[in-house]
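Work through these exercises with the structure open beside you. Try each task before reading its solution.

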Amino acid sequence: MHAKGVIRTLMAGTAAVVAIGIATGTASAQAQAPGPAGTAAGTTVTNTAQASYSVNGVQQSATSNAVNFVVDRKVNLTVTANQPANTPVSIGQTAAVTTFKVTNNTNGTQDFLLSPTQLPIQNLFAGDNFDVENIKIFVDSNGNGTYDAGVDTATYINELGADQSAIVFIVADIPNNQANVLAGVTLIVQVAAGGDAAAQGLPLAVSVGANNDTVVDVVFADNDSDGLGLDVALNGQGRASLGYEITTRNVALTVAKSQLVLSDPINLAIAPKAIPGAVVQYCLIVNNGTVGTPASNVTLSDVIPANTTYVANSISIGALALGQTCLLTGIVGGVPLADDGTITVPVLNFTGSYNANTKTVNATIPTLLGGTSVAATFRVTIN
Amino acid sequence: MITRPMIAAVLVATTAVASAAAGPLQVTSSILVEARAAAADGTTRIALVKPSKVTPGDKVIFVVSYRNTGTQPLGNVVLDNPLPRQVAYRSANPGSPAPDVSVDGKTFGSLETLRVRSLDGSTRAASPNDVTSVRWRLASPLAAGSQGQFAFQAVLK
């Protein structure tokens, strides 16, 4: 095999004698280094070796052939949720937004195609019990990271450079169903061909077939982005998931008002009639009909009727009694409140007040548990 | 003097487009990549093949072959390979003598002896990433008809 004479090697690392053959331009200045995605796809890497030698004491030089190859496309991407937690929503809310971030780790400029899925992801979204509706996907056009309806309208990521990122929004409506708790949504991102700023590129596919050093082959280098089996490595796709979580619910809140003449100046408390001077008690009963969902900060407000006079410090608030009395009595049932609002019912934190200027009775119930009622009463005298 | 067959036979079969130079020393450059294939015995064989698919981070092997096509011995043979700027030097290819390297294209030596000057004027030990050129020097004259080759490994940035 080594028929042609002796093959020589050199003494590596020997000191000394200055060589000729200083490198040409190709060796100098390591031009600006590429980013983490590496040398751009399509770059031609060319190598040329040089030699110097002497024949009978005469210096000569030689240059090798130039050999080159084309850098291929190493397709990779990262898709992450771009918000710290699920999006809190209320029943029936429209255009609720989840935010994702797509990073192009490919050594070239690519388009990215976006699609949603609501396939339940167990383990990740335990308790996922509904699907959002009217799903749309938009790309953040102005880089503010916030969905601007009518402004962020692109439905795919166009011409995203190597190592660059884009923000993507999933916008969806929450169905009006009180049983809803959590909906998981997943953004699927597919790397597509770049190069046409005016149109969406086709999804990339791995180059197969004959080797060709002079064309840019496509090599998928993306990982399994979810670790759950829905995404797989080396498929040119990435995905990330977020949830819509119902944190605000509408409750069936009703208020019933009743009145009862307590006494009159003639009959006193026995079969009293609504004559001038009679004392009338009004009762407001507020009921939260949505079992399991408390209502927060329920405020009752009632202007006293014309031709009546409010009886000072007559507001009471508490649990509902049966029959005509409206309120239970005692510390548990009805607690008398001061007109100036300085008295708060212990534990339950009910408050109430009377505004003499507007002739308005106010009562506030910080928390009204589902399926329960609270009553508030006040009294007036008929002028 | 050391005489020994160098580098796997597969390298000999690589691209051999002769340069246009008419001199007696013919220098041929070629680029190869490793292709891993599972062998029947369960091991992995690494063959060197033409670089059909090379993406950032891949190992690339540069081979410099030389041959004295003339009739007289050639003295002071020095083979110099400036690195394409898209690659970072790693090491000599197994089986090939280590080259002298340079971080500035002027001063050559073993990597441990080289230092790199930073923008602030301080210096630090050179790393393989700093290498811009490699060079081999034949210790003795290259007889007529003799040939050989050197190789080094780099990674595509």
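**Exercise 1. Take stock of the two chains.**
Task: count the helices and strands of chain A, then do the count for chain B.

Solution.
- Step 1. Chain A holds one helix and 24 strands. The model is a predicted one.
- Step 2. Chain B has one helix and ten strands.
- Step 3. Read chain B from its N terminus. The order is α-β-β-β-β-β-β-β-β-β-β.
- Step 4. Turn to burial. In chain A, 34% of the 383 residues are buried. In chain B, 43% of the 157 residues count as buried.
- Step 5. Look at contact range. Take contacts in chain A with a separation of 6 or more: 69% of them join residues 24 or more positions apart. For contacts in chain B between residues at least 6 apart, 70% link residues at least 24 apart.

**Exercise 2. Divide chain A into domains.**
Task: state which residues belong to each domain in the domain assignment of chain A.

Solution.
- Step 1. Domain 1 spans 34–73.
- Step 2. Domain 2 is written in two pieces, 74–205 + 216–248.
- Step 3. Domain 3 takes 253–382.
- Step 4. Now place domains 2 and 3 of chain A in space. Their C-alpha centres are 52 Å apart.

**Exercise 3. Trace the largest nonpolar core.**
Task: which residues have the most contacts inside the largest nonpolar core?

Solution.
- Step 1. This core has 45 residues. A:Ala51, B:Phe62, B:Val77 and B:Leu79 have the most contacts inside it.
- Step 2. Find the strands behind it. From chain A, β2 (50–55) and β4 (67–70) each supply at least two residues. From chain B, β1 (25–38), β3 (59–68), β4 (75–82), β5 (87–92), β9 (133–137) and β10 (147–156) each do so too.
- Step 3. Pick the main contributor. β3(B) gives the largest share, six residues.
- Step 4. Look for another core. One of 33 residues lies apart from this one, and A:Val89, A:Leu114, A:Phe138 and A:Val218 are among its members.
- Step 5. Return to B:Leu79. Leave aside its neighbours within four places in sequence. B:Leu79 then contacts A:Ala49 and A:Ala51 in chain A, and B:Val27, B:Val64, B:Tyr66, B:Arg135, B:Trp136 and B:Phe150 in chain B.

**Exercise 4. Order a sheet in chain B.**
Task: which strands of the open sheet β2-β1-β3-β10-β5 in chain B stand at the edges, and why is one side of each left without a neighbour?

Solution.
- Step 1. The sheet has five strands in the order β2-β1-β3-β10-β5, paired antiparallel.
- Step 2. β2 (44–49) and β5 of chain B are the edges. Each has a single partner strand, so one side of each has no neighbour in the sheet.
- Step 3. The twist averages 35° from one strand to the next.
- Step 4. Check one pair. β1(B) and β2(B) run antiparallel and are joined by six bridges. B:Ala37 stands opposite B:Arg45 in β2(B).
- Step 5. Compare with the record. The unreviewed UniProt entry annotates residues 49–119 of chain B as "domain: DUF11". Over residues 49–119, chain B is 0% helix and 44% strand, and the end C-alpha atoms are 40 Å apart.

**Exercise 5. Pair strands in chain A.**
Task: what is the strand order of the open three-stranded sheet that contains β18, β22 and β23 of chain A?

Solution.
- Step 1. The order is β18-β23-β22, with antiparallel pairing.
- Step 2. β18 (295–303) and β22 (351–355) of chain A stand at the edges, because each has a single partner strand.
- Step 3. The twist averages 15° from one strand to the next.
- Step 4. Five bridges join β22(A) to β23 (360–368) of chain A. A:Gly352 stands opposite A:Ala363 in β23(A).
- Step 5. Move to β9 (110–117) of chain A. β9(A) pairs antiparallel with β11 (156–160) of chain A over three bridges. There, A:Phe112 has A:Ile157 as its bridge partner.
- Step 6. β9(A) also pairs antiparallel with β13 (182–192) of chain A, over seven bridges. A:Leu113 stands opposite A:Gln190 in β13(A).

**Exercise 6. Classify a glycine.**
Task: is A:Gly277 buried or exposed?

Solution.
- Step 1. Locate A:Gly277 in the loop between β16 (253–263) and β17 (279–288) of chain A.
- Step 2. Count 11 other C-beta atoms within 10 Å of A:Gly277. The cut-off for exposed is 12 or fewer, so A:Gly277 is exposed.
- Step 3. List its contacts, leaving aside neighbours within four places in sequence. A:Gly277 contacts A:Asp264, A:Pro265, A:Thr381 and A:Ile382.

Note on methods:
Residues numbered from 1 in each chain as written. Chains lettered and ligands numbered in written order. Predicted model: local features only at pLDDT ≥ 70, side-chain atom pairs only at ≥ 80, totals over all residues. Helix = DSSP H or I, 4+ residues; strand = E, 2+ residues; numbered from the N terminus. Buried ≥ 20, exposed ≤ 12 C-beta atoms within 10 Å, placed from the backbone. Contact = placed C-beta atoms within 7 Å. Core = buried A, V, L, I, M, F, W, Y, C linked by C-beta atoms within 7 Å. UniProt positions renumbered as here; feature names shortened; annotations may be inferred. Domains from an automatic or database assignment. Pairing = 2+ DSSP bridges. Axes fitted to C-alpha atoms, helices over the stretch in contact; angles between N-to-C directions.
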